[in-house]
Amino acid sequence: MAALLVAVTGLMSPGVTQTRECSLIYIPKIKDDTNDFWSSLISGCKMAAEEYGSKLEIMAPDKEENIEEQNRLLKAAIEKEPDAILFSPSSMSASDKLLKKAKEKGIRITYIDSYTEEELQDPYYLCIRLAIEKKLEKE
């Protein structure tokens, strides 16, 4: 599953040789070592990034409901201009303006765990993620 999280960004795929290191930033709802779900998800992202020779930075608020902090981190991530931002939005709409700004800068957006009301995820990558989720449900 770890490799699928990185491959879902569309920047890398198994069996393809990369010519440069891809930069990814993951912004989960929280980084909490006592929460098995978030710990496993973050760990899987790190393993996948390592497997694909990519740089991954985790930027997380201190509480799941801290939407202001998550948006501050999203703004900081956009300023770093990574190839892609993996995002677990805490709000259905509070991050839309920033996500649009990221897309305008050419940064790919992939949601993990949750969505926003507005369709801001790159459509191609959404199709890949949905196919992966369907496959994982069968396993």
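What do the buried residues of α3 pack against? They pack against β1 (23–27), β3 and α4. This report starts from that packing and works outward. The model is predicted.

## The chain as a whole

The protein chain has five helices and four strands. From the N terminus on, the elements run α-β-α-β-α-β-α-β-α. The chain holds 139 residues, and buried residues make up 44% of them. Among contacts with a separation of 6 or more, 63% join residues 24 or more positions apart. The chain exposes about 7800 Å². Carbon and sulfur atoms supply 50% of that area.

## Helix α3

Helix α3 has 13 residues, so at 1.5 Å a residue it should span 18 Å. Its end C-alpha atoms are 18 Å apart, which agrees. The buried residues of α3 are Q70, N71, L73, L74, A77 and I78. They cover an arc of only 160° around the axis, which puts them on the same side of α3. The face turned away from this buried side tells the other half of the story: there α3 carries the exposed residues E68 and E79. After α3 comes E81, with a positive phi near 50°.

## Helix α4

Helix α4 covers residues 96–104. Its buried residues are D96, L98, L99 and A102. Seen down the axis of α4, these residues fall within an arc of 160°, so they line one face of the helix. What covers them? The cover of the buried residues of α4 includes α3 (67–79), β3 (84–87) and β4 (108–111). The face of α4 turned away from the buried side carries K97 and E104, which are exposed. Just after α4, G106 takes a positive phi of about 85°.

The two helices therefore meet: α4 is among the elements that the buried residues of α3 pack against, and α3 is among those covering the buried residues of α4.

## Two buried loop residues

D83 sits in the loop between α3 and β3. Is D83 buried or exposed? Residues under 20% relative accessible area count as buried. D83 has 17% relative accessibility, so it counts as buried. The side chain of D83 reaches the backbone nitrogen of S23. S23 belongs to the range given for β1 (23–27).

S91 lies in the loop between β3 and α4. At 14% relative accessibility, S91 is buried too. Its side chain reaches two backbone nitrogens, one of S93 and one of A94. Leaving out residues up to four places away in sequence, S91 touches I67, Y115 and T116. I67 is also where the range given for α3 (67–79) begins.

The distances for these side chains are set out below.

| Side chain | Backbone nitrogen reached | Distance |
|---|---|---|
| D83 | S23 | 2.7 Å |
| S91 | S93 | 3.2 Å |
| S91 | A94 | 2.9 Å |

## Drawing it together

Each of the two helices has a buried side and an exposed one. For α3, the buried list includes L73 and L74, while E68 and E79 are exposed on the face turned away. For α4, the buried list includes L98 and L99, while K97 and E104 are exposed on the face turned away. Strand β3 is named in both packing lists: the buried residues of α3 pack against β3, and β3 helps cover those of α4. The loops on either side of β3 hold D83 and S91.

Methods:
Residues numbered from 1 in each chain as written. Predicted model: local features only at pLDDT ≥ 70, side-chain atom pairs only at ≥ 80, totals over all residues. Heavy atoms only, no water. Buried < 20%, exposed > 50% of the residue type's maximum accessible area, 1.4 Å probe, protein only. Arc of directions from axis to C-beta. Contact = heavy atoms within 4.5 Å. Areas by Shrake-Rupley, 256 points an atom, 1.4 Å probe, with all protein chains shown as cover. Polar contact = N/O pair within 3.5 Å; in protein donor to acceptor, adjacent residues only side chain to side chain. Expected span 1.5 Å × (residues − 1).
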